[in-house]
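Here are a few exercises to work through with the structure open beside you. Try each task before you read its solution.

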Amino acid sequence: MKLCEGRIAIVTGAGRGLGKAHALMLAKHGAKVVVNDLGSSADGIGQDTTPAEAVVAEIRAAGGEAVADASNVANWEGAKSLIDTAVSHFGGLDILVNNAGILRDRMLINMTEQEWDSVTTVHLKGTFAPTHHAANYWRQQTKDGKKVDARVINTSSHSGLFCNIGQANYAAAKAGIASFSLVAARELQRYGVTVNAIAPRATTRMTEGLGQWTPEQLERRDPEWIAALVTWLASSQSSAVSGRVFEAWGFGYSVAESWQHGPLTEASKNPETLGPEITRIVGEARKNAGIDRDTWMDI
Ligand SMILES: NC(=O)c1ccc[n+]([C@@H]2O[C@H](COP(=O)([O-])OP(=O)(O)OC[C@H]3O[C@@H](n4cnc5c(N)ncnc54)[C@H](O)[C@@H]3O)[C@@H](O)[C@H]2O)c1
C-alpha cells in the first residue's frame with residue numbers, strides 16, 4: 001500500500017515550484033490531489049489557469065487522480081470553494097498543504113502600504129482562510145461520528161524565523177504562519193487534525209538568481225527533497241507529530257526550536273533602577289539565531 005493511498009489532498013499554489021513538487025509527490029504516493037493555483041506572477045499580479053492544468057495533466061498521465069482549482073486562497077469565498085471542490089470532487093479532505101505565496105521585497109523605509117498588504121494577505125490570510133474552512137469541515141465530520149486523521153502543513157520561511165533584511169512584509173507573514181501553525185495544532189488536536197509547518201529552501205521562480213550554485217548545490221535545492229517531507233507529514237504515519245516547524249531542503253531536515261524563556265530578573269516599577277539588571281540578562285541570553293549565522297544550513 002502506498003504511503004498516502006486514497007487520501008485526499010489540497011495543495012495551494014501547486015502550479016509551479018514547491019507546490020507542484022508536493023502535488024506530484026503526493027499523487028505518486030497514492031493521494032488524490034486538488035491542484036490549486038491562481039497562476040499569478042511572482043509578485044502576485046494576474047491570473048492564469050494553465051500551470052495548475054498542466055500539473056493535473058502530468059499527474060493523470062502518470063496514472064494518478066487530480067483536479068485543477070483556480071481559487072485565490074486569500075479570498076474568503078475562494079478558500080471556501082477550494083475546500084468544497086475537494087469534498088464534491090473526491091468525497092472528502094484529509095490533507096491541506098498551504099503553500100501559495102508571493103514576494104514584494106523592499107526596505108521598510110520604502111515599502112508601500114500596497115506591498116505590505118498584498119504580501120501579508122496572500123501568505124497569512126491565504127493560510128488562515130483555507131485552514132478555517134477545512135477545520136470546520138473536519139469538526140463537522142467529527143460531530144457526525146466519522147474518524148478524522150487529517151493534516152495541515154503550512155509554509156513558513158527562514159526569512160520569517162531568522163528575520164531577513166528587506167523582507168519586513170514577507171518575514172512578518174512567515175513568522176505569523178509559524179505561530180499560527182502552533183496555535184492551530186493546539187486547537188485542532190481534538191478533531192484529529194495535526195498542524196505542522198515547513199521552512200523550505202529550494203530553487204524555484206521565487207528564488208532563482210539569488211545565488212550562484214554548483215551543480216551539487218543545485219541538486220540539493222531541488223523541491224523534491226522538501227516534497228518528500230511534506231508527503232510523509234501528510235501520511236497517517238505522522239499522527240504523533242504536531243505543532244512543529246521543520247527546516248527542510250536537500251541538505252537535511254531539522255526541527256526549528258521555538259522562542260524559549262530566557263534569563264530572568266525581578267520586575268520593578270522604577271525604570272531608573274532597571275539598567276544593570278536588563279544589561280545582565282541581555283548579556284546572559286543566547287544571541288538571536290541569525291539567517292547569516294546558520295551552521296549546517298550554510299553549506
Ligand atoms: N523557494 C524557496 O526557497 C522558499 C523559501 C522559503 C519559503 N518559500 C515559500 O514556499 C512557497 C512556494 O514558493 P515557490 O518558491 O514554489 O514560489 P513560486 O512562485 O514558484 O510558486 C508560488 C505559487 O503560488 C501561486 N499563488 C500566488 N498567490 C496565490 C493565491 N493568492 N492563490 C493561489 N495561488 C497563488 C503562484 O501562482 C505560484 O504558482 C511560498 O509560500 C514561499 O513563500 C519558498
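## Exercise 1: an aromatic cluster

Tryptophan 76 has a relative accessibility of 30%, so it counts as partly exposed (buried means under 20% relative accessible area, exposed over 50%, partly exposed in between, with a 1.4 Å probe and protein chains only). Before going on, note that this is a predicted model in which local features need pLDDT of at least 70 and side-chain atom pairs count only at pLDDT 80 or more, while totals for chains, interfaces and linings use all residues. Residues are numbered from 1 along each chain as its sequence is written, and side-chain values use heavy atoms, leaving out hydrogens and water.

**Task.** Find which residues ring pairs link into a cluster with Trp76.

**Solution.**

Step 1. Search the whole structure for aromatic pairs; there are 3. Rings of Phe, Tyr and Trp (its six-membered ring) pair if their centres lie within 6.5 Å; planes under 30 degrees apart count as stacked, over 60 as edge-to-face and the rest as tilted.

Step 2. Start with tryptophan 76 and phenylalanine 128, a tilted pair with 5.5 Å centre to centre and 35° between the planes. Tryptophan 76 belongs to helix H3 (residues 76-90) and phenylalanine 128 to helix H4 (residues 113-143), so this pair ties together parts that are 52 residues apart in sequence. Helices here are DSSP runs (H or I, at least four residues), as are strands (E, at least two), numbered from the N terminus.

Step 3. Move on from phenylalanine 128, which is partly exposed at a relative accessible area of 36%. Its ring and that of phenylalanine 180 have centres 6.2 Å apart and planes at 85°, so they form an edge-to-face pair. Since phenylalanine 128 is in helix H4 and phenylalanine 180 in helix H6, this pair also ties together parts that are 52 residues apart in sequence.

Step 4. Put the pairs together: the cluster links Trp76, Phe128 and Phe180. Phenylalanine 180 is partly exposed, with a relative accessible area of 22%.

## Exercise 2: helix H3

**Task.** Work out which residues of H3 are buried and what covers them.

**Solution.**

Step 1. Check the length: H3 has 15 residues and reaches 22 Å from its first C-alpha to its last, close to the 21 Å expected at 1.5 Å a residue. The expected span is 1.5 Å times one less than the number of residues.

Step 2. List the buried positions in H3: Gly78, Ala79, Leu82, Ile83, Thr85, Ala86 and Phe90. An α-helix has 3.6 residues a turn, so residues three or four places apart point the same way.

Step 3. Look for the cover, which includes strand E1 (8-11), strand E2 (32-36), strand E3 (66-69) and H4. Contact means heavy atoms within 4.5 Å.

## Exercise 3: two cysteines

**Task.** Are cysteine 4 and cysteine 163 buried or exposed?

**Solution.**

Step 1. Cysteine 4 is buried, because its relative accessibility is 0%.

Step 2. Cysteine 163 is exposed, because its relative accessibility is 58%. It sits in the loop between helix H5 (158-162) and helix H6 (168-188).

Step 3. Count the disulfides (pairs of cysteine sulfur atoms within 2.5 Å): the structure holds 0.

Step 4. Check the backbone: phi of cysteine 163 is near 70°, a positive value in a residue other than glycine. Most residues other than glycine have a negative phi.
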